[in-house]
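Trainee: I would like to learn how to read a structural model step by step, beginning with what it means to call a residue buried. Could you take me through it?

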There are 2 protein chains.
Amino acid sequence: MGARAVDVPALVDSARAGTPRAVARLVSLVEDAHPALREVMAALVPHAGRAWVIGLTGAPGVGKSTSTSLLISAFRGRGLRVGVLAVDPSSPFSGGALLGDRIRMQDRPHDPGVYIRSLATRGHLGGLSAATPQAIRVLDAAGFDVVLVETVGVGQSEVEIAGLADTSVVLLAPGMGDGIQAAKAGILEIGDVFVVNKADHPGAEATVHDLRRMVSLAERAAPGGWRPPVVRTAALQRVGLDRLMQALDKHRAHLDETGELCRRRERRAADEIEQLALERLRTRLEAVEGQDGLGALSAALAAGRIDPYAAVDVLLAHADR
Amino acid sequence: MGARAVDVPALVDSARAGTPRAVARLVSLVEDAHPALREVMAALVPHAGRAWVIGLTGAPGVGKSTSTSLLISAFRGRGLRVGVLAVDPSSPFSGGALLGDRIRMQDRPHDPGVYIRSLATRGHLGGLSAATPQAIRVLDAAGFDVVLVETVGVGQSEVEIAGLADTSVVLLAPGMGDGIQAAKAGILEIGDVFVVNKADHPGAEATVHDLRRMVSLAERAAPGGWRPPVVRTAALQRVGLDRLMQALDKHRAHLDETGELCRRRERRAADEIEQLALERLRTRLEAVEGQDGLGALSAALAAGRIDPYAAVDVLLAHADR
């Protein structure tokens with residue numbers, strides 16, 4: 001099944017013509033790390049690089065999906081096509097994204113200018129880090145003007161992914177011990193725009209204040225760059241959307257004026273290449289068999305008969321040929 | 001500074017004699033991926049393998065730290081020494097664990113039978129996956145009978161780490177949309193014991209019910225193995241600790257009787273070896289310079305002049321020599 005033949009040129013043409021099923025099929029090939037992916041990416045690369053990639057990160061419950069929904073409306077109002085990738089921490093065992101987000105976000109079934117898709121990583125050894133830039137490329141090359149990437153933003157890998165967007169939006173909500181949690185997960189450092197959602201809830205003012213203080217402390221340490229704005233919204237009540245859009249536009253202008261857009265995209269490309277290379281090397285490591293293979297070495301390490309670095313020496317000596 | 005000389009044999013002796021400062025120094029060497037780590041691990045391996053490694057995973061706010069605190073008391077009551085590792089998603093930019101958990105958990109400063117430490121990953125390219133098994137080995141070899149590993153359990157990498165414990169405890173709390181969130185993060189599949197904490201809150205009964213249903217569905221799919229119990233606690237009120245300890249003991253007996261303990265430890269060892277090997281390979285990739293280096297290749301990919309797989313071919317051709 002994994003090796004089912006794929007007519008790549010036809011599929012790519014069809015996706016570029018705006019057929020949702022073709023886009024969906026391409027994202028599935030990414031998820032599965034399908035053998036045809038190499039040909040797919042080669043076909044897409046020349047058409048990519050036009051979309052504005054916006055990352056949305058925040059802990060469960062801060063209102064990411066509602067905010068995403070609002071942003072879709074706002075960009076649609078400008079006549080732009082919007083693609084959304086909901087990046088789920090994939091189950092390491094069952095290997096699938098569950099239905100939650102998919103169901104909640106599919107409330108625009110009839111608008112061909114919007115495509116929403118959750119992303120799992122069934123095939124990629126490198127997990128989300130390998131799959132996400134490729135899935136972004138699919139939507140980008142398919143002609144979506146804006147690609148919104150929604151991540152949970154608590155784990156390290158999700159934070160890294162969010163950091164690879166052109167513009168990273170970090171969502172917080174009052175209460176929830178967000179301050180420390182946010183800082184721990186590193187999302188403070190990746191935020192280009194901070195949103196304090198649920199601004200009608202108690203404690204919103206304090207959260208905004210804390211964030212502004214942290215942003216200004218960071219700026220004192222590294223002056224002259226972009227100073228991330230802190231925007232208040234109440235997404236459920238559709239409040240604050242104009243302020244958020246202004247902040248996004250301002251950051252987009254900053255990216256263009258300073259050459260930062262280019263730098264970020266090169267960083268994203270570097271990450272993608274490195275993840276794919278490591279994936280290939282990992283396959284080589286796992287293919288080593290017998291006494292010098294991972295199975296025998298890990299049994300020896302668990303039994304205290306070898307140290308982990310000596311085991312790596314043995315394994316690499318074989319994997320290198 | 002990274003290359004500061006370390007008297008490894010003295011440090012290891014001192015850690016094994018129970019000196020907290022020596023243990024702390026060894027964990028710091030792990031965090032920094034210090035050059036002396038190779039010697040450190042070789043010295044520790046023969047003394048490791050005695051501790052019972054228990055993972056505690058759950059989203060922020062479910063009461064992990066309070067539960068950890070209770071477990072410490074219970075194991076101390078049995079006269080056992082307890083080491084705790086709080087695995088923080090490290091900030092990818094500032095590279096440090098913040099103070100939150102450290103402060104909250106340091107409420108037993110005078111008990112030499114307890115050692116609590118948060119773990120960051122400043123030096124390891126492989127992040128938490130590379131550092132955690134090594135930090136566990138430090139506490140194990142230093143003579144702690146039980147090592148509790150606390151992880152946030154939302155991101156993929158944290159879930160993977162929790163899955164490497166001898167016994168994985170998954171904490172949930174009523175409400176919070178835990179059901180879907182838990183399943184998405186894959187923590188349902190790794191739980192050996194489920195704890196519904198805050199059992200005095202509304203919705204606790206429903207959460208317990210949902211979990212039991214999911215556990216029994218999973219058992220129908222793979223019968224004959226361990227059936228994860230679902231335990232109710234109210235950690236703040238110190239309710240349910242006896243039930244939790246019983247469940248843990250039962251799982252421990254299961255591990256010993258079935259040989260599963262050995263299998264899990266070999267899996268942990270395999271993961272450690274693989275992470276260290278990939279780390280070394282990554283260093284090689286990043287050392288390639290010039291036209292065939294990661295910088296030039298990622299610029300070409302971002303500009304649409306090369307596809308990612310072709311870039312990997314070029315990079316690996318050089319990294320392999």
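Mentor: A residue counts as buried if 20 or more other C-beta atoms lie within 10 Å of its own. Keep in mind as we go that this is a predicted model. Take Leu297(A), which has its place in helix 13 (residues 294-302) of chain A; with 26 other C-beta atoms within 10 Å, Leu297(A) is buried.

Trainee: Which residues does Leu297(A) touch, leaving aside those up to four places away in sequence?

Mentor: Within chain A, Leu297(A) touches Ile306(A), Ala311(A), Val314(A) and Leu315(A), and from chain B it touches Ile273(B). Position along the chain should be read separately from position in space: Thr233(A) is 64 residues from Leu297(A) along the chain, and the C-alpha atoms of the two are separated by 54 Å.

Trainee: How many helices and strands does chain A have, and how are the strands arranged in the sheet?

Mentor: Chain A comes to 14 helices and seven strands, and 52% of its 321 residues are buried. To read a sheet, one follows the order of the strands across it, and here an open sheet of seven strands in chain A runs 3-2-4-1-5-6-7, with parallel pairing. Strand 3 (114-119) and strand 7 (230-232) of chain A stand at the edges, each with a single partner strand, so one side of each is left without a neighbour in the sheet. From one strand to the next, the twist averages 20°. As an example of one pairing, strand 1 (residues 52-57) and strand 4 (residues 146-151) of chain A pair in the parallel sense over six bridges, and Leu56(A) stands opposite Glu150(A) in strand 4 of chain A.

Trainee: Is strand 3 of chain B buried or exposed?

Mentor: For a strand, one asks about each residue and about the way it points. In strand 3 (residues 114-119) of chain B, six of the six residues are buried, so the strand is largely enclosed by the rest of the structure. Val114(B), Ile116(B) and Ser118(B) point one way, while Tyr115(B), Arg117(B) and Leu119(B) point the other way, and all are buried. This strand pairs with strand 2 (residues 82-87) of chain B in the parallel sense over six bridges, and Tyr115(B) is the bridge partner of Gly83(B).

Trainee: Which residues of helix 1 of chain A are buried, and where do they lie around its axis?

Mentor: An α-helix has 3.6 residues a turn, so residues three or four places apart point the same way. In helix 1 (residues 8-16) of chain A, the buried residues are Leu11(A), Val12(A) and Ala15(A). They cover an arc of only 95° around the axis, which puts them on the same side of helix 1 of chain A. On the other side, Pro9(A) and Ala10(A) are exposed. What covers the buried residues includes helix 2 (20-32) and helix 3 (37-44) of chain A. Helix 1 of chain A is followed by Gly18(A), whose phi is positive, near 95°.

Trainee: At what angle do helix 12 of chain A and helix 14 of chain B cross, and which residues meet there?

Mentor: A crossing is read from its axes, its handedness and its residues. The axes of helix 12 (residues 260-287) of chain A and helix 14 (residues 308-319) of chain B come within 9 Å and cross at roughly 65°, in a right-handed crossing. Glu272(A), Ile273(A), Leu276(A), Ala277(A) and Arg280(A) meet Pro308(B), Tyr309(B), Ala311(B), Val312(B), Leu315(B) and Leu316(B). The residues of this contact divide into nine nonpolar, no polar and two charged.

Note on methods
Residues numbered from 1 in each chain as written. Chains lettered and ligands numbered in written order. Predicted model: local features only at pLDDT ≥ 70, side-chain atom pairs only at ≥ 80, totals over all residues. Buried ≥ 20, exposed ≤ 12 C-beta atoms within 10 Å, placed from the backbone. Helix = DSSP H or I, 4+ residues; strand = E, 2+ residues; numbered from the N terminus. Pairing = 2+ DSSP bridges. Axes fitted to C-alpha atoms, helices over the stretch in contact; angles between N-to-C directions. Left-handed = near helix turned anticlockwise from the far one by under 90°. Contact = placed C-beta atoms within 7 Å. Nonpolar A, V, L, I, M, F, W, Y, C, P; charged D, E, K, R; others polar. Arc of directions from axis to C-beta.
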